Amino acid sequence: MTKDFHSKRPIRIGSRGSQLALWQANHVLYALRDAGYAVELEVIRTTGDRMQQPGFVLPPGLDGKGIFIKEIEEALESGRIDLAVHSLKDLPTTIAPQFTLVAIPKRADARDVWVCEEFWGLHTLPEGGRIGTTSPRRKAQLLALRPDVTFVEVRGNVDTRLKKLASGQCDALVLAAAGLDRLKRAESVHYRFCPDELCPAPGQGALAIETRAEGFLASDTPDEKWDEFVRGAVKFFNHPQTRFCVETERFALDAMGGGCSLPVGIHVAPVCDAQTGDFYRIYAQVVAPDGETMVQLDQIEPMVRQPNAEALGKRIADDLKARGALDLLLAETVA
């Protein structure tokens, strides 16, 4: 379908209102405009945004990942917006059938980073130092490296967390590199953890462009040709190698039980090597909440085998389970 179809009708992008979410949405918006499309942006307040308020209670039946997309997907389903731009790690491993991830752009730096002006590395933090993070994965992984540290619950956007650090509410932060890089706040970064130290969350550093799926029309303004046009307009964002890596990670997480509350890190990265041949490097960590026990993988998968993302993801999960990872996750559930 050509770009001239509905050339004056804008493609409507839905986004959360945080600084990072707006950067991500505008990144897609500007690229579409440069390609000749009319585009508009609509900011949508989500449950995840409201939960920053004191006394907020999470609605029943909504998991940790759904809090950032519920209202956006409702707007997409009704036809109020035509596509949504998400941080991929915020999405559940299973997408509702009426939606599709039509494009996954090239991934940014997937690593976690250390932010601390006074102590420039985890190993230099004084005993009992306070690290700001709400992530069960990061807490468990950090305890595996430094069992003496303590944690401070810090919520909010990047700037809010940096202000809490500056005001002395914690001694250090551990954040995603991609967010700081995108917001040009990398001067705050003093160390980038290797994936075998702190293994990133599945999908970390990647964006996802979500649209209505083929055969599922907007409930308020159904228009099959328009939906086809929108899906075609954003396909150029898709980066096949990134898509393979993050889909493998998400299939593995799903096979482990899914959910962002699990202390599970899974990271697949392409490596180009003229001597040994190109391959995917696979890291995975499942850590007990107290950091005392860890199941860890560090494997390679030759690209020449042309692996299938779902099969590889399930194999990663099977390897973790065979090493006792489920026992750690069940212990977390019981606790």
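**Exercise 1. Ser18 and its partner**

Find which backbone nitrogen lies 3.1 Å from a polar atom of the Ser18 side chain, and work out whether Ser18 is buried or exposed.

Solution. Keep in mind that this is a predicted model.
- Step 1: locate the residue. Ser18 sits in the loop that runs between strand S1 (11–15) and helix H1 (19–34).
- Step 2: look for the contact. A polar atom of the Ser18 side chain is 3.1 Å from the backbone nitrogen of Ala21.
- Step 3: check accessibility. Buried means under 20% relative accessible area, and Ser18 comes out at 15%, so Ser18 counts as buried.

**Exercise 2. Strand S5 from both sides**

Take strand S5 (residues 112–115) and say which residues cover each side, then find what S5 pairs with.

Solution.
- Step 1: sort the side chains. In a regular strand, side chains alternate between the two faces of the sheet. For S5, Asp112 and Trp114 go on one side, with Val113 and Val115 on the other.
- Step 2: ask about burial. These four residues are all buried, and both faces of S5 are covered.
- Step 3: pick up one neighbour. Strand S8 (residues 172–176) pairs with S5 in the antiparallel sense, over four bridges. Here Asp112 is opposite Ala176.
- Step 4: pick up another neighbour. Strand S9 (residues 191–192) is also antiparallel to S5, joined by two bridges. In this pairing Val113 faces Arg192.

**Exercise 3. Asp112 again, now through its side chain**

Which side chain meets Asp112 in a salt bridge, and which parts of the chain does the pair tie together?

Solution.
- Step 1: find the partner. Arg138 and Asp112 form a salt bridge, at 2.8 Å from N to O.
- Step 2: place both ends. Arg138 belongs to helix H4 (residues 136–145) and Asp112 to strand S5, so the salt bridge ties together parts 26 residues apart in sequence.
- Step 3: check accessibility. Arg138 and Asp112 are both buried.

**Exercise 4. Arg192, the residue opposite Val113**

Arg192 stands opposite Val113; track down its salt-bridge partner and say where that partner lies.

Solution.
- Step 1: get the pair. Asp181 makes a salt bridge with Arg192, and their closest N and O atoms are 2.9 Å apart.
- Step 2: place the ends. Asp181 is in helix H6 (residues 177–182) and Arg192 in strand S9, so this pair links parts eleven residues apart in sequence.
- Step 3: compare with the cut-offs. Partly exposed covers the range between the 20% and 50% limits. Asp181, at 28%, is therefore partly exposed, and Arg192, at 24%, is partly exposed as well.

**Exercise 5. The wider charge picture**

How many salt bridges are there, and what does Arg80 pair with?

Solution.
- Step 1: take the total. The count is 23 salt bridges.
- Step 2: zoom in on Arg80. Arg80 bridges to Glu42, with 2.5 Å between the closest N and O atoms. Arg80 is in the loop between helix H3 (70–78) and strand S3 (83–87), while Glu42 is in strand S2 (residues 39–43), so parts 38 residues apart in sequence are tied together.
- Step 3: check both ends. Arg80 is partly exposed at 41%, and Glu42 is partly exposed at 25%.
- Step 4: look for a network. Arg12, Asp82, Arg212 and Asp227 are linked by salt bridges into one.

**Exercise 6. Cysteines**

Count the disulfides, then classify Cys194 and Cys272 by accessibility.

Solution.
- Step 1: the structure holds zero disulfides.
- Step 2: Cys194 has a relative accessible area of 34%, so Cys194 is partly exposed.
- Step 3: Cys272 reaches 65%, so Cys272 counts as exposed.

Methods. Residues are numbered from 1 along each chain as its sequence is written. This is a predicted model: local features need pLDDT of at least 70, side-chain atom pairs count only at pLDDT 80 or more; totals for chains, interfaces and linings use all residues. Side-chain values use heavy atoms; hydrogens and water are left out. Buried means under 20% relative accessible area, exposed over 50%, partly exposed in between (1.4 Å probe, protein chains only). Two strands pair if DSSP finds at least two bridges between them. A disulfide is a pair of cysteine sulfur atoms within 2.5 Å. A salt bridge is a side-chain nitrogen of Lys or Arg within 4 Å of a carboxyl oxygen of Asp or Glu. A polar contact is a pair of N or O atoms within 3.5 Å; within protein, one must be able to donate a hydrogen and the other to accept it, and residues adjacent in sequence count only if both atoms are side-chain atoms.
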